[in-house]
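The exercises below ask for a close reading of helix packing, burial, domain arrangement and backbone geometry in a single chain. Each task is followed by a solution that proceeds step by step.

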Amino acid sequence: MHPRILIVEDDPNVALVLYDALSAEGYATEHAANGQRAIEAVTARSFDLALLDIGLPDKDGFTVCDEFRRKGMLMPILLLTARAEPDDKVRGLRMGADDYVTKPFHVPELLARIEALLRRTQTSPATILVEYRFGDVFVDFYRGRATKKGRPVELTTKEIVLLRYLIARRGLVVTREELLTEVWGYQSTNTRTVDVHVATLRQKLEDNPHSPHYVVTSRGEGYQFLPDGV
Ligand code: CA
């Protein structure tokens, strides 16, 4: 099976370059010229990856990205933008995008990033975890929903992905650096991002966030999910 890629791009020239480059690599490629068409496409068919332009005529790429995630679409999303604003990158990653390429892009680099994203989702055991129960918490990863004692708990896309990664490696210590690379998709020394998200996960899911039973700290090493609790 050839991986299926959705190109969301309103500029016909850029769309054609992408379509030709991806088709030549053997990807099954589909094009949507605006945000609404993109949402219709992912609702009707499944894709392994989406290339998403930020500057679209009807709704911007951030909004489309957020709508994909809210619909429970877990495929990797690579954002394309004409601007090299660091704020755009942060905003995109918050909305659940996995990576980011600035236009004008270099086609071989773009292809390498697509390959890396596809490899990550194909080899990660996190992608096959559909639902999971621990203590009085139930998580439906496919729909991106959780409950505690039967009551809904609001989790952000990043919290869901982080929890899924930790649960997929339950019993193992996962370093902050690994979480940044695998969950946020970038190399950074700012591991504080990880700590902040772990803290909010604990507040939402643990009985006592200050003395967690499931998402525990492994001193000096990272974090660990304990399926049976401490
Ligand atoms: Ca555009």
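**Exercise 1.** Determine which residues of α7 and α8 meet, and how the two helices are oriented.

*Solution.* In this predicted model, the α7 side of the contact consists of Arg176, Leu179, Leu180 and Trp184, and these meet Thr193, Val194, Asp195 and His197 in α8. Sorted by character, the residues of this contact comprise four nonpolar, two polar and two charged. Turning to the geometry, the axes of α7 (residues 176-184) and α8 come within 9 Å and cross at roughly 80°. Angles from 65 to 115 degrees count as roughly perpendicular, and α7 and α8 are therefore roughly perpendicular to each other.

**Exercise 2.** Describe how α6 packs against α8, giving the angle, the axis separation and the residues in contact.

*Solution.* Begin with the axes: those of α6 (residues 157-168) and α8 (residues 192-205) lie 10 Å apart, and the helices pack at an angle of about 90°. The pair α6 and α8 is therefore also classed as roughly perpendicular. Next, list the participants: α6 contributes Lys158, Glu159, Leu162 and Leu163, while α8 contributes His197, Val198, Thr200, Leu201, Lys204 and Leu205. Finally, classify them, which gives five nonpolar, two polar and three charged residues for the contact of α6 with α8.

**Exercise 3.** Is α6 largely enclosed or largely open, and what span does this helix have?

*Solution.* The span comes first: the twelve residues of α6 reach 16 Å from the first C-alpha to the last, close to the 16 Å expected at 1.5 Å a residue. For the surroundings, the residues under 20% relative accessible area are needed; in α6 these are Lys158, Glu159, Ile160, Val161, Leu162, Leu163, Arg164, Tyr165, Leu166 and Ile167. Because ten of the twelve residues of α6 are buried, the helix is largely enclosed by the rest of the structure.

**Exercise 4.** Establish whether His197 is buried or exposed, and which residues it contacts beyond its neighbours in sequence.

*Solution.* His197 is located in helix α8. Its relative accessible area is 19%, so His197 is buried. Once neighbours within four places in sequence are set aside, the contacts of His197 are Lys158, Glu159, Leu162 and Trp184. Among these partners, Lys158, Glu159 and Leu162 belong to the α6 side of the contact with α8, whereas Trp184 is in α7.

**Exercise 5.** Work out how the two domains are placed, and how many residues of each are in contact.

*Solution.* The chain is divided into domain 1, covering 4-123, and domain 2, covering 126-225. Taken over C-alpha atoms, the centres of domain 1 and domain 2 are 26 Å apart. The contact between them involves nine residues of domain 1 and eleven residues of domain 2.

**Exercise 6.** Identify the backbone features of Pro104 and Lys149, and locate each residue.

*Solution.* The general expectation is that most residues other than glycine have a negative phi and that most peptide bonds are trans. Against this, the bond joining Lys103 and Pro104 is cis, with omega about 0°, and Pro104 is found in the loop between β5 and α5 (107-123). Lys149, although not a glycine, has a positive phi of about 50°. Lys149 is placed in the loop between β8 (145-148) and β9 (151-153), and at 58% relative accessibility Lys149 counts as exposed.

Note on methods:
Residues numbered from 1 in each chain as written. Predicted model: local features only at pLDDT ≥ 70, side-chain atom pairs only at ≥ 80, totals over all residues. Heavy atoms only, no water. Axes fitted to C-alpha atoms, helices over the stretch in contact; angles between N-to-C directions. Helix = DSSP H or I, 4+ residues; strand = E, 2+ residues; numbered from the N terminus. Parallel < 35°, antiparallel > 145°, perpendicular 65-115°, else oblique. Contact = heavy atoms within 4.5 Å. Nonpolar A, V, L, I, M, F, W, Y, C, P; charged D, E, K, R; others polar. Expected span 1.5 Å × (residues − 1). Buried < 20%, exposed > 50% of the residue type's maximum accessible area, 1.4 Å probe, protein only. Domains from an automatic or database assignment.
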